[in-house]
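Reader: I'm a first-year student and I get lost when I look at a whole model at once. Could you pick out one part, take me through it closely, and then show me how it sits in the rest?

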Amino acid sequence: MKKYRFIGPKLAVILVFSICLLRANAEITVSGAADSLPQVVLSGLDCKTFVDYPTNIIKSAWEGDKGWVVLPEIRYKTDAAQKCLVLQARVPQLRIVGAGFDGWNAVLELSNVVTLCLCKPKGHLNFKTGVDNTKPFKMFFPDGATAQVGAGSSGIFDEFKDKTYYFTGKGLITAINAEGKSVIVEGKQFPMEGGPLVSKVDAKGVSTTVRLLPSTVFKVNETENGGLTFTTAEKTFSIAKGEVKEVTFANGSVITVATVSGGFQWAVDKGEFKFSVVDVPTWTGLGLTDQAGKMIWDRTTKSVDLKNLSEEGELIVALPAGSYARIDPQAVLQYAAVGGTTFATSASGGRATLFNSNISLDTKLEQSNMEFKGGLAVHGSGGASTDFLNVNLEWASGSALNLGGSFGKAQVDPNSDKVLSKAASSSLSGTLDSFLDEIVELDPSLKVSYGDNGQIILRANVGSYHISIPSLDHLSIDVNQGDSVMLSMDHGSGILVATALGDNQDSIKVVVPNANLPVLNSSQSVTLNTRNGKVVSASSGTTVFFDNAGAGFQLSSSGGNSATPIDTSKIDNSLIIQQPVSPQ
């Protein structure tokens, strides 16, 4: 048994193998778990994470990233910006356990990497897998549910006092819930929920077994004096006009609500809350831990407006016909029920997208009204909408290219081509045929060419496509029918190059949150440093840089031979556009 002496400051956050925890000092032991796998137990105090380094290595754990600390079973370092732990296994399999998260554990494979951010008091754990991981990061939940998380994916496990939980994420994540049912976990729908089985006696005295779930369902109704009444299964409470109230529930959920003109504002400190308005039963909003929003509605028109007030992350709303809307921070989604599965939407202030879960179809919402029937946009109803089929890409140096999305899962080996089409996809149901007939006249078709140098060319033969790379948070590329984009990724440096090919008729749109990116016309390319999403602006010769605000500045005189080349190696997270273009 090996021991490592850790002397820590007031924030005693500890990386442990078979843990011994003290608030200021921790003795760390390495031993085998019950199944003989080496085990690391993570403890997070004060909602900051994780490691007190040995004083002979680093004076303070939070001065910055000081590089890897190497132990026989693991390598680890801190993510100084997020106060998280980056962990790499040096054994064939390493089991990870969270102190205070009873029943949750995970297995990390040899040489694979995971970043973990744990908040023990809140029962909240964030994770992100390494982009070059070769095997899934396996997660095991208290009720028997499981998940496998592929490279470059991220997610949240949020547990409550009654041992219920929700699990959500983005990327290559496959999950099976406690009932043995496959669950889509991709951040476009409501989270996977779980919890223990308990016995309950109904009104007739009959005992039944049910599974506890974490969500608190709110039904909101107006009162005559301008206040609001909130009804949940656990309690009913009211707030008067102008009142602010914090409400706590038995499972540890906490929400603050306040009336505003025509509705209310809410902020979730901890919980999974589902909001519905009595007069608009076809609309259900979702608020998760650390999210906030403002709802306004009109009972006569059966309309609801929802603004995302969260600092980061999308709000999700469930709509008719298996549709879900995603709303970026500061964006407003406007919804009006028409009847049955027909409804109208518009969006302003930021990006909002409607996802049809039946066929994995994204439709970008516009400022003008758009009508949907059965989860599909009714063309000619107002607003220039484009229906985009989703394609997710994941690949590492020298490995096969993995695809997911509207065509189901597929794999392309290096130095080969594949055409994705409705006919070629085994995951599409017969229902999709009738749905897609309303969208395009021909079957959707996307050609994927994958070179042995890691270069990818995507050509939209029929249909338009929303290309996303889950390992790069929120980065997406829109390719219209008949156009092509070439992608090249240096996984070591995080540099991504996207090029609009020369025969394109339309522009390629690259979307990065908080960045004002010009569209790419034929033969133009963009180079992104994807490490933390920041964009630095500069302009010189035929190279143009844009920052988050979209404003450029001149590094050297334009035109003549005296222009000094830009040393891009000294610019963190730069955006480079070949050929001068103006911000859109």
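Author: Start at Thr-284, whose bridge partner in strand E31 is Ala-318. That match is part of the pairing between strand E28 and strand E31 (residues 315–319), which run antiparallel and are joined by three bridges. A strand here is a DSSP run of E with at least two residues, a helix is a run of H or I with at least four, and both are numbered from the N terminus. Two strands count as paired if DSSP finds at least two bridges between them. In general, strands of a sheet pair through backbone hydrogen bonds, in a parallel or an antiparallel way.

Before going on, keep in mind that this is a predicted model: local features need a pLDDT of at least 70, side-chain atom pairs count only at pLDDT 80 or more, and totals for chains, interfaces and linings use all residues. Residues are numbered from 1 along each chain as its sequence is written, and side-chain values use heavy atoms, with hydrogens and water left out.

Back to E28, which covers residues 280–288 and also pairs with strand E27 (residues 272–277), antiparallel over five bridges. E27 and E28 make a hairpin, with two residues between them. Val-277 stands opposite Val-280 in E28.

You can find antiparallel pairing elsewhere too. Strand E30 (residues 303–308) pairs with strand E33 (residues 332–339) over five bridges, and Val-304 has Tyr-335 in E33 as its bridge partner. Those two strands belong to an open sheet of nine strands, in the order E24-E25-E26-E29-E30-E33-E34-E37-E38. Strand E24 (244–248) and strand E38 (376–377) are at the edges with a single partner strand each, so one side of each has no neighbour in the sheet.

Now for some side chains. In general, those of opposite charge can pair when their charged atoms come close. A salt bridge here means a side-chain nitrogen of Lys or Arg within 4 Å of a carboxyl oxygen of Asp or Glu, and the structure holds twelve of them. Take Arg-326 and Asp-362: their closest N and O atoms are 3.3 Å apart. Arg-326 lies in strand E32 (residues 323–327) and Asp-362 in strand E36 (residues 361–364), so this salt bridge ties together parts that are 36 residues apart in sequence. Both Arg-326 and Asp-362 are buried; that means under 20% relative accessible area, while exposed means over 50% and partly exposed is in between (1.4 Å probe, protein chains only).

E36 has another salt bridge to show you: Lys-364 pairs with Asp-478, and the closest N and O atoms are 2.0 Å apart. Asp-478 sits in strand E46 (residues 476–479), and the two residues are 114 residues apart. Asp-478 and Lys-364 are both buried. Some salt bridges share partners, which joins Lys-170, Lys-188, Glu-314, Arg-326 and Asp-362 into one network.

Three of those names come back when you look for empty space inside. A cavity is a set of points on a 1 Å grid over the protein atoms alone where a 1.4 Å probe fits but cannot get out, and lining residues have an atom within 4 Å of a point. The structure has three cavities of 30 Å³ or more, and the largest has a volume of about 390 Å³; grid points are joined across faces, edges and corners, and the volume is the space filled by probe spheres set on them. This largest cavity is lined by 23 residues, and the closest to its centre are Lys-170, Lys-188, Arg-326, His-466 and Ser-468. E36 gives the most to the lining, with three residues. Strand E39 (387–394) and strand E45 (464–468) also supply at least two residues each.

Compare Asp-102 and Lys-163, a salt bridge with its closest N and O atoms 3.3 Å apart. Asp-102 is in the loop between strands E8 and E9 and Lys-163 in the loop between strands E14 and E15, so the pair ties together parts 61 residues apart in sequence. Asp-102 is partly exposed, at 48% relative accessible area, and Lys-163 is partly exposed as well, at 32%.

Zooming out, the chain has one helix and 53 strands. Buried residues make up 53% of its 584 residues.

Technical notes
1 Å grid on protein atoms, 1.4 Å probe; cavity = no way out; pocket = protein on both sides within 12 Å on 5 of 7 lines; lining within 4 Å.
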